[in-house]
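Please keep the viewer open beside this text and make each selection as it comes up. The stops go from one helix end to the whole chain, and then inward to single residues.

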Amino acid sequence: MNGDHQVLALLLFGAFVAATLCITSRVSRREQGSPEEFYAGGRQFSPMENGFAIAGDYMSAASFLGISGAIALVGYDGMLYAVGFLVAWLVVLFFVAELVRNCGRFTLADVIASRLRERPVRRAVGASSLVVSLLYLVAQMVGAGGLVGLLLGGTSESTRSWAMVGVGALMVVYVSFGGMRATTWIQIVKAVLLMAGALTLTVLVLMRFHGDVNALLESAAERSGHGSAFLAPGLKYGGDWAARLDFVSLALALVLGTAGLPHILSRFSTVPTARAARRSTVWAIGLVGSFYVMTIVLGFGAAAVVGSDGVRAANTAGNTAVPLLALDLGGGAGSTAGTVLFAVVAAIAFATILAVVAGITLASSASVAHDLHRALRRPGSRPRSEVAVARVAAVGVGAVAIALGLLARDLNVAFLVGLAFAVAASANLPVLVYSLFWRGFTTRGAVWSVYGGLVPAVLLVVFSPVVSGSAESLVPGWDFHLFPLQNPGVVSVPLGFLCGWLGSRLSAEPPDADAYAETEVRALTGAGAV
């Protein structure tokens, strides 16, 4: 891209950043001192607003950049991400949304602690929520680095690193000054922009092939270099037994992980009633479902128009497939129309990243201030303002996310999010299910369930091919991998459920039948809900 085109792209970036900072500034003039206002926006959002915000929170860089890139590189097998991310919402709709809204206040730990001893539960669930959020944040940082590096005409390490630093600084500003209200409106604006951008590109791809989907798929297979195998299952997950088991593991993590994501669960506290939470989920499913259908078209479109080799040359993980597709659909790198379309799509993708990191950072700071700080505070010590602690925590979370993003900058963002889903499904989902549906659940069972899923999931990732043992690993010069799978879900998710059951059975503390009855009534009827 020449200098004039880069200026145009940067102006579009600047316009969105300025608009979001304006939203944050206006919202910050309202009273943000109470936890209810800071964490939940005063619980005043309508189901439609919250549905758009949930969709904006969920349609991350992994969705827009990573899934399309994975499809452009490995074809059919890349679609697993789109299918898994969408099917996961059925679990949220039928088993989570209303019950969490009735039983919780701001965080996942509120739901669990409503019937168990508070301090150990908050320590465990707060720690697991923080780990999940950091993994999710790393994926957004990696997407930002690759996107801005491509936009500025280079993929140098320094360019990508400074892009991650800039995203980290902006997310801290959004959360610290605007809280949930600013974050929600940024996500709503981003969801509208993202749906409009994805729809425009989808129409242009179909027009390129005169509406003939078969021609699109045949061209994608031809330019992929894999022929008909590109359109059949098994290109990535069809090798030995480990590859097939990795497929099962990833599918399990994607389908079950959404119900354990802290930043998604916290969105149900922003509406006034459980019915509104359920209607919000229906809105989100409609938006998310439509979007994932379009990402499939864009992925195969990138393979057909740009070519898998062209996608891989710009970014080995495929994270820049959609912007490259936009550039080609507009007429190529030398055309003004192509560059404008490229810049618009890149700006939308950047907006996607900013909105998602704001939501995740808010959930992370809530885990630190509302859960960990309360659980670790010494009895009798002078309490500090919870909102002030949350704002300080946002700065710390941003710094850690930047550091981890720099380390993982060469991995596919959809793959990184898959790891976050695996940890969420292993550590957060079992304790949530047991707390809502099992009368015999105890505090020891809750703690064992969280750590029994969290620790194995993290350790299996550390000793997997993701970290060492191959040219694509985080540390390619080392080989200390012991676990053959890239995603730990098939092992760590059952372990989380098993440890929760075993801890409850071996607990000296008898289950509190009255507390469970109260939780059951509140979850099903909303009586006593905050």
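Which residue follows helix 9, and what is the sign of its phi? Select G225, which comes after helix 9 and has a positive phi, near 85°. Bear in mind from here on that this is a predicted model.

Stay with the helix itself, which covers residues 213-224. With 1.5 Å for each residue, its 12 residues should span 16 Å, and because the C-alpha atoms at its two ends are 16 Å apart, the expected and modelled values agree. At its start, show the side chain of D212, one oxygen of which comes to within 3.0 Å of the backbone nitrogen of N214. Then colour L216, S219, A220, A221 and S224, the buried residues of helix 9. As a general point to hold against that selection, an α-helix has 3.6 residues a turn, so residues three or four places apart point the same way.

Now zoom out to the whole chain, whose secondary structure comes to 20 helices and 0 strands. Its radius of gyration is 22 Å, close to the 24 Å that the globule rule gives for 530 residues, so the protein is as compact as a globular protein of that length. Along the principal axes, the C-alpha atoms fill a box of roughly 70 × 55 × 40 Å. If you switch on the surface, the accessible area comes to about 19,300 Å², and 65% of it belongs to carbon and sulfur atoms. Of the 530 residues, 60% are buried. Taking contacts between residues at least 6 apart in sequence, 82% join residues that are at least 24 apart.

Hide the surface and turn to the interior, where the largest nonpolar core has 146 residues, and where Y58, F64, F85 and I112 touch the most other members. Helix 15 (residues 336-376) gives the most to this core, with 16 residues. Apart from this core lies another, of 13 residues, including A40, A366, V389 and A394.

Select Y58 next and display what surrounds it. Leaving aside neighbours within four places in sequence, Y58 is in contact with a set of residues that includes F85, W89, Y136, L261, I264 and F421, and S63 is also among them.

That last contact leads to S63, in helix 4 (residues 61-74). Is S63 buried or exposed? Its relative accessible area is 1%, and because anything under 20% counts as buried, S63 is buried. Beyond its neighbours within four places in sequence, S63 is in contact with Y58, S68, F291, Y292 and T295. Draw a distance from S63 to T295: these residues are 232 apart along the chain, yet their C-alpha atoms are separated by 7.5 Å.

Another serine to select is S129, in helix 7 (residues 118-151). S129 has 2% relative accessibility and therefore counts as buried. Its side chain reaches the backbone oxygen of V125 at 2.9 Å. Not counting residues up to four places away in sequence, S129 touches L108, P262, S367 and N428.

For the last stop, go to A15, in helix 1 (residues 3-28). At 44% relative accessibility, A15 counts as partly exposed. A distance drawn from A15 to L80 gives 35 Å, C-alpha to C-alpha, for two residues that are 65 apart in sequence.

Notes: Residues numbered from 1 in each chain as written. Predicted model: local features only at pLDDT ≥ 70, side-chain atom pairs only at ≥ 80, totals over all residues. Heavy atoms only, no water. Helix = DSSP H or I, 4+ residues; strand = E, 2+ residues; numbered from the N terminus. Expected span 1.5 Å × (residues − 1). Buried < 20%, exposed > 50% of the residue type's maximum accessible area, 1.4 Å probe, protein only. Polar contact = N/O pair within 3.5 Å; in protein donor to acceptor, adjacent residues only side chain to side chain. Contact = heavy atoms within 4.5 Å. Core = buried A, V, L, I, M, F, W, Y, C linked by side-chain atoms within 4.5 Å. Rg over C-alpha atoms; globule rule 2.2 N^0.38 Å. Areas by Shrake-Rupley, 256 points an atom, 1.4 Å probe, with all protein chains shown as cover.
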